[in-house]
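Reader: I spend my days at the bench, and I would like to learn how to read a protein model. Could you walk me through one?

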Amino acid sequence: MKKKWKGIGFVLPHLIGVGIFFLIPYIDVFIRAFNFKTDGGIFSHFNKVLHIQPFLLAAGNTGKFILISLPLLIILSLLIAMALRRVSVVANVIKSAMLIPMAIPTVSVVLMWKVMFSYKGFLNAALNYIGMEDKPWLTSSAAFSVLVISYLWKNLGYYVILWLAILAQVPDMLYEAAALETSSKIVVFFRITLPVVKNSVFMIVVLAIVNSFKVFREAYLVAGNYPDSSMYMLQHIFSNWFTGLEVNKMAAGAVLTSIPIFILVFIFQTCIKVSSKD
């Protein structure tokens, strides 16, 4: 009995911290999102947010960013990890080099963005050199492509390392046996590699979704609160609402944003469980 209470004593400070800094704010967000205090209706905050054009623009851009960047990130990192699976000096050097973007401070990344993509930056200078016209990369629709490329550049190495850890679970003898039966790498991937990695795809996808929201720092420091409409994300509008202390809009927007994410994660997790049983 004493050991039980000792265990509870060790866990209790952590539970109190989670309750104060995590659970209570979550409950407060839901209370503020639903309008219980006025006669406008319980869903009036949601109705107001859904009729705000900048919110719809930001939600569309964020959804588009996730739908484009996540598949690219997951597929590219998996292919690179498979190419680097064999231990060699060159592979180890490439692995280390791919982690360098994660070690670069955000301020340095922003400076690199400006040097590379500003109107008088390195990329436009290169275009001028080959006889092409300048392009406003950060103040036109091309800003979205710049955002996707920068996200892939910064996070690709991290997911390559994750995939390498997952691929290490596949015994080499399976690949050796498959090499005797077929020389097709596609067949080996679908019959050996994919059944092993598919159970870990859920973790990779959830991490990628969470990390996709961290791209806001670079976009904010480069273009401020109001960037080009193609690069205007949910984080921008939440930041602007926070500056104006529009708490009810923030709460309603946060709940609306979380619903499709939870549905997507639930569907994906269910598909993974079903495929695992098969």
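Author: Happy to; we will go from the overall make-up to single residues. Keep in mind that this is a predicted model.

Reader: Let's begin with the broad view. How many helices and strands does the protein have?

Author: A good habit is to list the elements in chain order. Here there are 14 helices and 0 strands, and from the N terminus on the order reads α-α-α-α-α-α-α-α-α-α-α-α-α-α.

Reader: What share of the residues counts as buried?

Author: Burial is judged by relative accessible area, with under 20% as the cut-off for buried. Of the 278 residues in the protein, 36% are buried by that rule. As for the outside, the protein exposes about 17,300 Å², and carbon and sulfur atoms supply 72% of that area.

Reader: And how do I read contacts along the chain?

Author: Look at how far apart in sequence the partners are. Among the contacts in the protein with a separation of 6 or more, 71% join residues 24 or more positions apart.

Reader: Can you show me some individual pairs?

Author: Gladly. T139 sits in the loop between α7 and α8; the C-alpha atoms of T139 and S229 are 8.7 Å apart, with their positions 90 residues apart along the chain. A168, in the loop between α8 and α9, lies 7.9 Å from R85, C-alpha to C-alpha, although they are 83 residues apart in sequence.

Reader: Why do T139 and A168 count as exposed?

Author: The class follows from the relative accessible area, and exposed means over 50%. T139 has 62%, so it is exposed. A168 has 58%, so it is exposed as well.

Reader: Now a helix residue, please. Is N211 buried or exposed?

Author: N211 belongs to helix α11, residues 201-212. N211 counts as buried because its relative accessibility is 13%. Leaving out residues up to four places away in sequence, N211 touches Y151, N155, Y158 and Y159. In addition, N211 and L70 are 141 residues apart in sequence, yet 9.9 Å apart in space, C-alpha to C-alpha.

Reader: How should I read two helices that meet? Which residues of α3 and α13 are in contact?

Author: Start with the axes, then go to the residues. Helix α3 (residues 53-83) and helix α13 (residues 234-243) have axes that come within 7 Å and cross at roughly 145°. On the α3 side, P54, F55, A58, A59 and T62 take part, and they meet L234, Q235, I237 and W241 of α13. Sorted by class, this contact of α3 with α13 has 7 nonpolar, 2 polar and no charged residues.

Reader: What about charged pairs? How many salt bridges does the structure hold?

Author: The structure holds 1 salt bridge. K249 pairs with E246, and their closest N and O atoms are 2.8 Å apart. K249 has a relative accessible area of 22%, so it is partly exposed; E246, at 28%, is partly exposed too.

Reader: Last one: which residues make the nonpolar surface patch?

Author: For a patch, look for nonpolar side chains that are accessible and grouped together. I8, F10, V11, L12, L15, I16, I20, F21 and I24 make a nonpolar surface patch of about 940 Å². Take L12 as a sample: L12 is found in helix α1, residues 2-33, and L12 is partly exposed because its relative accessibility is 42%.

How values were computed. Residues are numbered from 1 along each chain as its sequence is written. This is a predicted model: local features need pLDDT of at least 70, side-chain atom pairs count only at pLDDT 80 or more; totals for chains, interfaces and linings use all residues. Side-chain values use heavy atoms; hydrogens and water are left out. Axes are lines fitted to C-alpha atoms, for helices over the stretch in contact, and angles run from 0 to 180 degrees between N-to-C directions. Helices (H or I, at least four residues) and strands (E, at least two) are DSSP runs, numbered from the N terminus. Contact means heavy atoms within 4.5 Å. Ala, Val, Leu, Ile, Met, Phe, Trp, Tyr, Cys and Pro count as nonpolar, Asp, Glu, Lys and Arg as charged, and the others, Gly among them, as polar. Patches are made of residues with over 30% relative accessible area and no salt bridge: like charges are joined within 9 Å, nonpolar side chains (Val, Leu, Ile, Met, Phe, Trp, Tyr) within 5 Å. Accessible areas come from the Shrake-Rupley method with a 1.4 Å probe; for residues, only the protein chains shown count as cover. A salt bridge is a side-chain nitrogen of Lys or Arg within 4 Å of a carboxyl oxygen of Asp or Glu. Buried means under 20% relative accessible area, exposed over 50%, partly exposed in between (1.4 Å probe, protein chains only).
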